[in-house]
Amino acid sequence: FPWLPWYICVIPLTFFHDDKNIYLNGLLLLSLPFFALSKIVIKRQLVIFVISITASLLSATIVFDVLLNGLTQNILGVNKNVLVPCVTLLAICSFAFLLFESKDQNLTLKITLIFSVCISVVCIILTEVRTAILALLSLIPLTILLNKKNRLKHISLLLLICGVTIICFYFSGRLQQGIDDLVRYQAGNPNSSWGIRLELWKLSLDAFMIKPIFGWGEEAFAEMIKAGCEFPVSSFHPGHSHNDFFNILVSIGAVGVLCWISTIFLLLKNSATDPTRISFLIATLAMGLTERLFLGNRACCYLTAIIWLLLYLTSKSKTTAK
């Protein structure tokens with residue numbers, strides 16, 4: 001039910017913009033495991049264990065590839081800004097379970113969780129994907145709010161991990177690059193990573209004013225350029241907004257934003273008593289500030305839906321009722 005507003009809002013992509021029915025197919029992919037698994041008692045520990053093993057294997061493979069071939073924009077044939085946020089979402093499940101639900105778990109699971117978190121942090125550092133840091137930082141306020149017993153210890157652990165990650169980004173020059181981008185942008189030069197992002201967000205707002213109801217479609221920026229909208233960095237060909245809100249705003253308009261916010265509200269409300277699930281959602285929203293995860297990034301969109309579903313089916317309220 002919480003996902004219905006989101007899938008309703010992408011109907012205009014099919015009927016108004018003649019785009020492929022890819023997200024409605026996604027609704028079917030989400031519905032099938034729900035109806036198949038909803039009558040079966042699944043243990044949260046099993047789901048988290050599988051997620052942790054998957055995150056560990058993917059992170060280790062990425063680390064090996066970077067050490068072997070050097071850091072490039074594509075890792076394992078996939079853009080690192082798509083690949084690493086997906087792996088980070090898996091790692092956040094491990095981290096959140098470790099922080100909030102691992103008190104009475106067996107040693108094997110705890111070791112698996114710790115290894116998953118550690119190798120994923122190494123993966124983030126080596127790939128230099130700054131967006132993934134936002135997911136780690138998002139756990140700090142949640143720990144303050146949700147973790148009453150071991151709050152000080154867990155916050156200290158989070159600050160240590162985030163601090164080490166940021167320091168590594170500083171010594172690699174990746175952190176200074178972002179600061180330099182903003183300085184150059186203020187000086188009137190938008191041709192940089194952050195400068196381009198800011199210009200994309202400005203262009204999204206301008207384009208929204210032209211088509212405010214249903215937006216421009218999934219290939220919004222291509223349509224906008226065809227229609228004569230100018231982008232100040234001629235060497236860059238815009239494809240998306242690098243932000244979930246602006247990407248949905250320009251692609252599906254006010255209808256899309258309203259339905260997306262409705263789904264986020266319903267998901268958060270449904271996850272209110274499940275710290276692992278709500279941590280997963282907040283991390284998704286945090287990374288959505290500088291990257292697209294819901295629209296145009298089908299891997300992350302499907303992953304988010306399926307992981308949330310598995311966590312929902314294994315929540316304490318569901319398993320107790322069964």
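A polar contact is a pair of N or O atoms within 3.5 Å, in which, within protein, one must be able to donate a hydrogen and the other to accept it. With that term in place, I turn to Ser138. The model under discussion is a predicted one.

Ser138 is found in helix 7. A polar atom of its side chain lies 2.6 Å from the backbone oxygen of Ala135. That distance falls within the 3.5 Å limit for a polar contact. Is Ser138 buried or exposed? Its relative accessible area is 8%, and Ser138 is therefore classed as buried, the limit being under 20%. If neighbours within four places in sequence are set aside, Ser138 is in contact with Ile282, Ala283 and Ala286.

I continue with the nonpolar cores. The largest of them has 79 residues. Within this core, the residues with the most contacts are Trp3, Trp6, Phe95, Met224 and Ile248. Helix 5 provides the largest share of this core, namely twelve residues. Apart from this core lies another, of eight residues, including Val63, Ile75, Leu83 and Cys123.

Phe95 deserves a separate word. Not counting residues up to four places away in sequence, Phe95 touches Val117, Leu136, Leu139, Leu157, Leu158 and Ile161. Phe95 also appears in the lining of the largest cavity, which is my next subject.

Rolling a probe the size of a water molecule over the atoms shows where empty space is left. How many cavities of 30 Å³ or more does a search of the whole structure find? The search finds one. About 50 Å³ of space lies in the largest cavity. Its lining is made up of Thr88, Ala91, Ile92, Phe95, Val117, Ser120, Val121, Ile124 and Leu136. Two helices, helix 5 (80-100) and helix 6 (107-127), each supply at least two residues of that lining. By class, seven of the lining residues are nonpolar and two are polar, and none is charged.

Next come the pockets. The largest pocket has a volume of about 1,100 Å³. The elements that give two or more residues to its lining are helix 4 (44-69), helix 5, helix 6, helix 8 (151-172), helix 13 (275-287) and helix 15 (316-321). The lining comprises 42 residues, and those nearest the centre of the pocket are Phe97, Leu99, Phe100, Glu101 and Ser102. How does this lining divide by class, and which numbers belong to each? It has 18 nonpolar, twelve polar and twelve charged residues.

The second largest pocket holds about 570 Å³ of space. It is lined by 26 residues, with Arg130, Arg174, Ser193, Trp194 and Arg197 nearest its centre. At least two lining residues come from each of helix 5, helix 7 (131-146), helix 8, helix 9 (174-186) and helix 10 (193-210). Which helix gives the largest share of this lining? Helix 9 does, with five residues. In terms of class, the lining of the second largest pocket divides into twelve nonpolar, ten polar and four charged residues.

I now consider His240, whose place is in the loop between helix 11 (220-226) and helix 12 (244-270). His240 counts as buried because its relative accessibility is 13%, and buried means under 20%. Its side chain takes part in a polar contact of 3.3 Å with the side chain of Arg292. In addition, a polar atom of the His240 side chain lies 3.1 Å from the backbone nitrogen of His242. With residues up to four places away in sequence left out, His240 touches Leu200, Phe221, Asn247, Glu291 and Arg292. The C-alpha atoms of His240 and Glu218 are separated by 9.0 Å, and these two residues are 22 residues apart along the chain.

Finally, I draw attention to the backbone at two loop positions. Leu76 is not a glycine, although its phi is positive, at about 60°. Leu76 is found in the loop between strand 1 (74-75) and strand 2 (78-79). Its relative accessibility is 45%, so Leu76 counts as partly exposed, a class that lies between 20% and 50%. Glu128, which is not a glycine either, has a positive phi of about 60°. Glu128 is found in the loop between helix 6 and helix 7.

Note on methods. Residues are numbered from 1 along each chain as its sequence is written. This is a predicted model: local features need pLDDT of at least 70, side-chain atom pairs count only at pLDDT 80 or more; totals for chains, interfaces and linings use all residues. Side-chain values use heavy atoms; hydrogens and water are left out. On a 1 Å grid over the protein atoms alone, a cavity is a set of points where a 1.4 Å probe fits but cannot get out, and a pocket is an open set with protein on both sides within 12 Å along at least five of seven lines; lining residues have an atom within 4 Å of a point. Grid points are joined across faces, edges and corners, and a volume is the space filled by probe spheres set on the points. Helices (H or I, at least four residues) and strands (E, at least two) are DSSP runs, numbered from the N terminus. Ala, Val, Leu, Ile, Met, Phe, Trp, Tyr, Cys and Pro count as nonpolar, Asp, Glu, Lys and Arg as charged, and the others, Gly among them, as polar. Buried means under 20% relative accessible area, exposed over 50%, partly exposed in between (1.4 Å probe, protein chains only). Contact means heavy atoms within 4.5 Å. A nonpolar core is a set of buried Ala, Val, Leu, Ile, Met, Phe, Trp, Tyr and Cys residues joined through side-chain atoms within 4.5 Å.
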